[in-house]
Protein chains: 2
Amino acid sequence: MEENQLNPDVLAVTPSALRQFDHEISADPQIVKLTLGEPDFNVPEHIQIAAIRSIKANQSHYPYYWGIQTLREAASTYYRDKFGYRYSADQIICTVGATEGLSATFKALFHAGDAVLIPTPAYPVYQALAILNHVTPILVDTTETGCVLTPQQVTAAIKSHLEVTIKGVVITDPSNPTGVVYTEQQLADLVPTLRENQLWIISDEIYGELTYGVAHYSLSRWLPDPTIIINGLSKSHAMTGWRIGFVFGPSNVIGQIAKVHQFMVTTPTSIVQYAAVEALTNGQNDAAVMRKVYQKRRDYLKKALTELNMTFVAPMGAFYIFAKIPTAYHQDSFAFARQLARDYHVGVMPGTPFGDPTAIRISYASSDENLRALVAALASLNRAKRVAER
Amino acid sequence: MEENQLNPDVLAVTPSALRQFDHEISADPQIVKLTLGEPDFNVPEHIQIAAIRSIKANQSHYPYYWGIQTLREAASTYYRDKFGYRYSADQIICTVGATEGLSATFKALFHAGDAVLIPTPAYPVYQALAILNHVTPILVDTTETGCVLTPQQVTAAIKSHLEVTIKGVVITDPSNPTGVVYTEQQLADLVPTLRENQLWIISDEIYGELTYGVAHYSLSRWLPDPTIIINGLSKSHAMTGWRIGFVFGPSNVIGQIAKVHQFMVTTPTSIVQYAAVEALTNGQNDAAVMRKVYQKRRDYLKKALTELNMTFVAPMGAFYIFAKIPTAYHQDSFAFARQLARDYHVGVMPGTPFGDPTAIRISYASSDENLRALVAALASLNRAKRVAER
């Protein structure tokens with residue numbers, strides 16, 4: 001049997017270039033990684049203990065597919081107190097991380113032939129999910145507006161794509177890869193345009209707890225009906241590999257997403273669900289420790305990169321800096337990242353998969369020592385360049 | 001925003017009637033359940049210990065999305081030794097249970113507008129996955145041939161559906177809901193017809209280790225190129241809620257399924273992957289204990305149901321008996337199952353979602369005491385009926 005007998009939408013998608021690149025450079029045993037988007041913290045001990053308790057209590061049977069009731073109730077309270085979400089337990093589904101939440105949401109909202117707005121630079125999974133669902137991704141470049149989507153950009157994108165039905169928009173706030181955090185005003189400004197155009201809003205708020213000196217707001221406050229929130233414990237509780245996320249949405253939509261979710265995975269791992277109850281009940285401050293460390297690292301990197309004449313939009317959240325490759329290098333992002341990996345054993349993410357081939361994404365969810373190694377490598381590259389130019 | 005702005009394929013699917021029904025009857029605190037398809041055993045202790053070790057070792061980061069290398073290698077060896085599978089580690093993906101494996105496989109193989117053959121009685125998730133992917137499910141009734149798909153049935157189904165392109169077939173062996181196990185000869189007989197018609201074969205072998213006095217064979221032995229195997233540890237190691245499965249397939253296909261898998265879930269829970277390595281390395285005999293118990297229960301039920309004049313196809317594997325509702329009752333399967341639940345506090349699955357409204361599925365992955373309660377209920381119903389008829 002040949003590949004051409006497979007689903008063309010699947011053939012059209014490329015595997016995540018980010019994980020691919022990370023996998024590629026990981027072959028170097030000396031590599032210092034500032035690539036992947038995951039905390040370098042461990043799962044807090046009280047959550048580990050809860051998971052072990054759940055294992056020993058033999059909670060190994062199928063939980064109800066929406067997620068266990070206590071977890072959905074805990075999520076309802078936790079996110080209400082953190083960000084003002086207004087969702088009861090029956091408007092929340094527990095998912096296999098944020099990815100599964102996104103995947104089920106894309107499937108439930110969009111039909112083959114629809115289109116979706118994706119402001120760039122963007123996390124490349126949105127585009128892949130669009131393609132997999134035969135939905136047209138319309139990339140809206142926001143670099144001119146500080147990597148914040150504006151109502152004018154929404155209107156312009158709709159006007160210049162009258163050939164398709166644009167059914168939704170993805171907002172990642174705080175942003176991966178730029179670390180940009182929307183202000184209350186910036187979100188409020190978007191509301192009339194989003195409402196007028198009857199767009200579904202996929203609001204990816206997975207980095208919501210990681211903001212530095214600014215608050216996180218949710219579009220659901222203004223637009224509860226068309227907003228689907230994606231969140232989870234991967235970043236706030238350093239539980240990436242444990243895979244637990246949440247989807248919040250209005251009742252009529254969440255039931256549809258739940259069906260897709262059920263036939264996609266049945267339910268997330270039972271013992272992780274019980275551990276997540278602990279995280280949301282007694283782990284309100286788990287992120288605070290990490291936030292403090294991340295902020296210190298961000299400050300260090302901002303200063304060091306600025307001294308090296310690198311430019312970037314001000315990173316206020318998440319744990320990334322999306323920096324322009326100095327023009328002197330005349331290289332695309334993959335070539336530049338490969339050179340850094342090869343010559344200096346330092347791994348950063350090429351910007352191309354995020355929509356900017358002239359940038360790199362630096363994750364500071366990595367040790368101070370690793371950050372210093374990056375800065376040293378960039379400084380050394382800088383010196384080498386100046387020598388060569390003489 | 002209205003529901004009609006959602007994906008019509010998703011609106012067209014109904015949530016699992018099985019889980020719904022189970023949820024419904026679970027409201028009765030006295031209910032004795034012979035409904036869900038999950039072992040009443042606990043996760044074997046050595047696997048629990050491995051999971052706890054993994055938690056304590058902080059293996060909480062993103063595993064490579066195909067699954068950790070050691071697990072894929074362990075699966076390669078384990079299933080080769082058990083069933084003669086011939087797949088190297090790079091032809092295996094680790095999934096969030098068998099469900100995610102099925103879901104990713106359906107998506108990768110079929111395009112909107114294709115059709116797939118589903119022999120019935122069948123596990124209803126296949127039909128739901130077809131509908132979600134805008135693929136036409138063509139149900140092939142096999143009750144006349146002992147719930148075993150025959151080449152004649154395949155040919156007849158293709159001939160009577162010339163309006164669509166039938167791209168594949170689902171084989172569940174051992175079968176849920178009937179417990180039928182295909183013989184070597186029955187599979188060999190299917191091979192020429194499946195090959196001739198260039199059908200993808202989704203071979204769901206999740207109950208492969210649960211056969212009673214007969215061997216399990218895999219179609220992949222004869223048809224390695226078009227066969228995708230779905231398997232996992234839910235039944236063999238009583239790990240349903242832990243969510244770990246595997247997809248095995250030829251290299252050109254498995255890479256495509258891996259992409260869908262990546263964008264669907266990223267990867268299964270890390271600590272469960274490490275526990276699964278233990279299951280596949282030192283748990284070769286974990287299913288033996290359970291098999292012995294299941295076989296005893298099956299024998300008891302077979303005898304008791306026969307004495308009650310109930311008929312069913314001989315159950316040789318899995319942990320189900322799919323029994324016809326005695327015609328005297330004049331009831332459809334939901335009404336009958338509801339009556340059993342209401343009047344006798346015994347839960348069995350209605351046959352309708354499996355494709356037979358005149359049958360019930362009895363799961364004997366339930367205690368001896370529970371089985372006796374069912375038999376007592378059926379006997380009592382029987383007596384009540386005879387009294388009423390006098």
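A pocket is an open set of grid points with protein on both sides within 12 Å along at least five of seven lines. In this predicted model, the largest pocket has a volume of about 490 Å³. Its lining comprises 35 residues, and those nearest the centre are B:Ser16, B:Leu18, B:Tyr123, B:Pro124 and B:Val125. Helices H2 (17-25), H5 (97-109) and H6 (125-132) of chain B each contribute at least two lining residues, with H6(B) giving the most, five residues. By class, 20 residues of this lining are nonpolar, 10 polar and five charged.

The second largest pocket holds about 390 Å³ of space. It is lined by 18 residues, of which A:Asp22, A:Lys33, A:Thr35, A:Leu36 and A:Glu38 lie closest to the centre. Helix H2 (residues 17-25) of chain A supplies the largest share of this lining, three residues. Seven nonpolar, six polar and five charged residues make up the lining.

Aromatic pairs number 42 over all chains. The ring centres of A:Tyr212 and A:Tyr364 are 6.5 Å apart with planes at 50°, so this pair is tilted. The two residues are 152 positions apart in the chain, A:Tyr212 in the loop between strands E6 (200-204) and E7 (227-232), and A:Tyr364 in the loop between strand E12 (359-363) and helix H13 (368-389). Both tyrosines are buried. In chain B, the rings of B:Phe106 and B:Phe110 have centres 5.5 Å apart and planes at 70°, and the pair is therefore edge-to-face; both residues are buried. Ring pairs also join A:Tyr78, A:Tyr79, A:Phe83, A:Tyr85, A:Tyr87, A:Phe246 and A:Phe248 into a cluster.

Charges over rings involve both chains: A:Arg19 lies over the face of B:Tyr62 at 4.4 Å from the ring centre, and the charged end of B:Arg19 sits over the ring of A:Tyr62, 4.4 Å from its centre.

Conventions: Residues are numbered from 1 along each chain as its sequence is written. Chains are lettered from A and ligands numbered from 1 in the order in which they are written. This is a predicted model: local features need pLDDT of at least 70, side-chain atom pairs count only at pLDDT 80 or more; totals for chains, interfaces and linings use all residues. Side-chain values use heavy atoms; hydrogens and water are left out. Rings of Phe, Tyr and Trp (its six-membered ring) pair if their centres lie within 6.5 Å; planes under 30 degrees apart count as stacked, over 60 as edge-to-face and the rest as tilted. Helices (H or I, at least four residues) and strands (E, at least two) are DSSP runs, numbered from the N terminus. Buried means under 20% relative accessible area, exposed over 50%, partly exposed in between (1.4 Å probe, protein chains only). A charge sits over a ring if NZ of Lys or CZ of Arg is within 6 Å of the ring centre and within 35 degrees of the ring normal. On a 1 Å grid over the protein atoms alone, a cavity is a set of points where a 1.4 Å probe fits but cannot get out, and a pocket is an open set with protein on both sides within 12 Å along at least five of seven lines; lining residues have an atom within 4 Å of a point. Grid points are joined across faces, edges and corners, and a volume is the space filled by probe spheres set on the points. Ala, Val, Leu, Ile, Met, Phe, Trp, Tyr, Cys and Pro count as nonpolar, Asp, Glu, Lys and Arg as charged, and the others, Gly among them, as polar.
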